[in-house]
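Please follow the charged side chains of this model first, and then turn to its nonpolar interior.

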Amino acid sequence: LCKSETTLANSQKQYQQAREAFRQIGHLPERVANSVRKRFNNACKQYEQRLRSLKNRQQHEQQGELLRKVRLCQRMERLAVELPQSHADQAAEITDSWISETSAPKPLLQKLEKRLQYAREALSKHAAGETSTAGYTLNQDLERAQLLCIRAEIIADITSPAEAREQRMQYQLSLLGAAMTGGIDTNKPAAEQTAELIGDWISVGPLEISQFDLLETRLKKALDALNKKR
């Protein structure tokens with residue numbers, strides 16, 4: 001199988017056509033029927049296993065690309081707030097690092113591109129002497145980011161760090177008390193829950209680098225655990 005999505009789609013269509021053609025085969029001599037069916041079923045299982053493996057690999061690569069671009073957005077936003085002497089060089093480095101051959105869901109990429117552009121414009125205005133930093137406040141979304149990590153750890157069924165256990169307990173109690181939510185839906189496919197977590201992570205505002213590094217590490221650990229459940 002090729003990584004190309006077009007080739008992948010074509011292979012799935014051909015696979016279904018092959019299954020239908022095999023189903024329509026007429027009567028076979030009993031001495032060969034069982035052997036032929038066994039060979040065909042084994043071939044189908046091998047194809048489906050390879051297809052799942054390829055899809056998981058593609059999703060993992062896309063997930064990594066989105067997380068990488070979130071980090072770049074965070075860096076640009078911190079520059080817009082802190083305005084270090086090396087801001088121009090760092091901004092150029094971020095822009096150069098942005099382009100990648102790794103694909104990812106287009107709506108999420110577009111959202112991140114707009115976020116980066118907004119941060120770049122805020123940095124330019126701040127560097128030009130304007131006092132506005134486009135409303136950025138470091139750690140304004142800290143609690144939301146912490147709860148997102150806790151949510152990811154609960155869904156992935158892994159423990160939270162010791163310093164986050166009290167916050168996790170309060171979060172779980174709040175879910176139990178919210179009759180309308182009914183708690184976290186752990187019956188969703190792992191891939192769907194992973195996509196939701198990354199979608200929420202994309203919208204977390206700029207954090208101090210130490211906080212971002214800590215929370216990103218926790219999120220990645222939870223996502224890795226979720227990926228293994230696929």
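In this predicted model, a network of salt bridges links Arg 71, Asp 213, Glu 216 and Lys 220. Within that network, Glu 216 pairs with Lys 220, their closest N and O atoms being 3.9 Å apart, and both residues belong to helix α8, where a spacing of four residues corresponds to about one turn of the helix. The two partners are set in unlike surroundings, since Glu 216 is buried at 5% relative accessibility, whereas Lys 220, with a relative accessible area of 37%, is partly exposed.

Glu 216 also leads towards the interior, for it is among the residues in contact with Trp 201, as are Leu 67, Val 70, Arg 115, Ala 145, Leu 148, Phe 212, Leu 215 and Leu 219, when neighbours of Trp 201 within four places in sequence are left aside. Together with Met 76, Trp 201 touches the most other members of the largest nonpolar core, which holds 41 residues. Helices α2, α3, α4, α5, α7 and α8 each supply at least two residues of this core, and the largest share, eight residues, comes from α2. A second, separate core of five residues includes Tyr 15, Phe 40, Cys 44 and Leu 51.

Returning to the charged pairs, the whole structure contains twelve salt bridges. One of them joins the side chains of Glu 93 and Arg 75 at 3.6 Å, N to O; because Glu 93 lies in helix α3 and Arg 75 in helix α2, this pair ties together parts that are 18 residues apart in sequence. Asp 141 and Arg 144 form another salt bridge, with 3.1 Å between the closest N and O atoms; here Asp 141 is buried, at 18% relative accessible area, while Arg 144 is partly exposed, at 38%.

Note on methods
Residues numbered from 1 in each chain as written. Predicted model: local features only at pLDDT ≥ 70, side-chain atom pairs only at ≥ 80, totals over all residues. Heavy atoms only, no water. Core = buried A, V, L, I, M, F, W, Y, C linked by side-chain atoms within 4.5 Å. Buried < 20%, exposed > 50% of the residue type's maximum accessible area, 1.4 Å probe, protein only. Contact = heavy atoms within 4.5 Å. Salt bridge = Lys/Arg side-chain N within 4 Å of Asp/Glu carboxyl O.
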